[in-house]
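Colleague: I'm new to this one, so could you walk me through a single part of it? Here's what I have open.

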Amino acid sequence: MFVPFLIMFREGLEAALIVSLIASYLKRTQRGHWLGVVWLGVLLAAGLCLALGLSINATTGEFPQKQQELFEGIVAVIAVCILTYMVFWMRKVSKSIKVHLEGAIDSALNSGRGQGWALVAMVFFAVAREGLESVFFLLAAFQQDVGIAAPIGAILGLAAAIVLGFLIYYGGVKLHLAKFFKWTSLFILFVAAGLAAGAIRAFHEAGLWNSMQDIAFDLSNVLSTHSLFGTLLEGMFGYQETPTISEVAVYFLYLIPALVLFFMPSGKPPVATSTPVSGKIPR
């Protein structure tokens with residue numbers, strides 16, 4: 001439940017901040033009449049993501065067992081790629097996202113007769129990107145965590161992000177977003193490593209991967225997945241009490257390079273701003 005909550009909270013907050021930045025800039029530049037167009041883009045993106053998630057989830061139950069395992073492995077790989085991209089994209093643009101968005105808004109509204117649709121498209125793709133990332137992660141998470149807890153966590157995370165987004169926009173809450181995204185990104189890399197190990201396990205069950213299937217170690221007497229802590233680790237990081245050599249290898253082959261890249265200096269800060277990103281959005 002916690003991982004879907006965190007992912008949806010983070011993704012929802014990213015989308016909320018993007019929409020808030022766009023709305024703030026439109027108001028500040030005396031173009032508040034375009035706010036309805038912004039909400040149209042948001043609703044279209046949300047509808048697309050919801051429809052895609054429901055249709056994929058409804059289809060998977062019709063697959064035979066091996067095909068379903070293959071599908072779960074593919075979804076897990078896609079989720080790992082998306083989560084990794086999300087972490088490093090936010091690391092790269094967090095200090096200059098405001099400047100980039102304002103430039104994109106100006107370009108959209110100076111595009112001539114189709115400026116309204118250009119703004120809809122800009123908002124649509126910005127929100128849809130966050131939503132599609134969430135869809136594939138949640139599909140992978142729901143496959144690993146069967147039950148009502150994971151969907152409830154996702155809904156609560158999205159609701160919390162929407163509430164916090166409104167509070168930030170109206171100036172009631174200040175949040176040091178640079179630190180928030182840094183530490184949640186670090187957590188997400190460990191989640192992605194667990195998904196990568198789960199993907200190789202699903203490919204084995206689908207009959208596609210049969211190498212290095214010996215048990216790497218057995219912690220069932222020390223930290224069983226039937227214990228409370230073991231269940232939490234399994235739900236959050238894909239922990240297995242008796243992982244195979246291939247699962248352990250994939251876990252660390254992903255995690256070690258990802259952590260090295262994550263902690264490497266990001267280079268010169270953007271020229272546009274040298275201050276840390278905060279939750280206070282200028283209006």
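How many residues line the largest pocket, and which of them lie nearest its centre?

Modeller: Sure, but keep in mind that this is a predicted model, where local features need pLDDT of at least 70, side-chain atom pairs count only at pLDDT 80 or more, and totals for chains, interfaces and linings use all residues. Residues are numbered from 1 along each chain as its sequence is written, and side-chain values use heavy atoms, with hydrogens and water left out.

The largest pocket is lined by 36 residues, and Met8, Gly12, Ala46, Leu158 and Ile162 are the ones nearest its centre. On a 1 Å grid over the protein atoms alone, a pocket is an open set of points where a 1.4 Å probe fits, with protein on both sides within 12 Å along at least five of seven lines; a lining residue has an atom within 4 Å of a point. Two or more lining residues come from each of α1 (2–28), α2 (35–60), α5 (115–144) and α6 (149–169); these helices are DSSP runs (H or I, at least four residues), numbered from the N terminus. With 10 residues, α2 has the largest share of the lining.

What is that lining made of? There are 26 nonpolar residues, seven polar and three charged. Here Ala, Val, Leu, Ile, Met, Phe, Trp, Tyr, Cys and Pro count as nonpolar, Asp, Glu, Lys and Arg as charged, and the others, Gly among them, as polar. As for space, the pocket holds about 1100 Å³, a volume filled by probe spheres set on grid points joined across faces, edges and corners.
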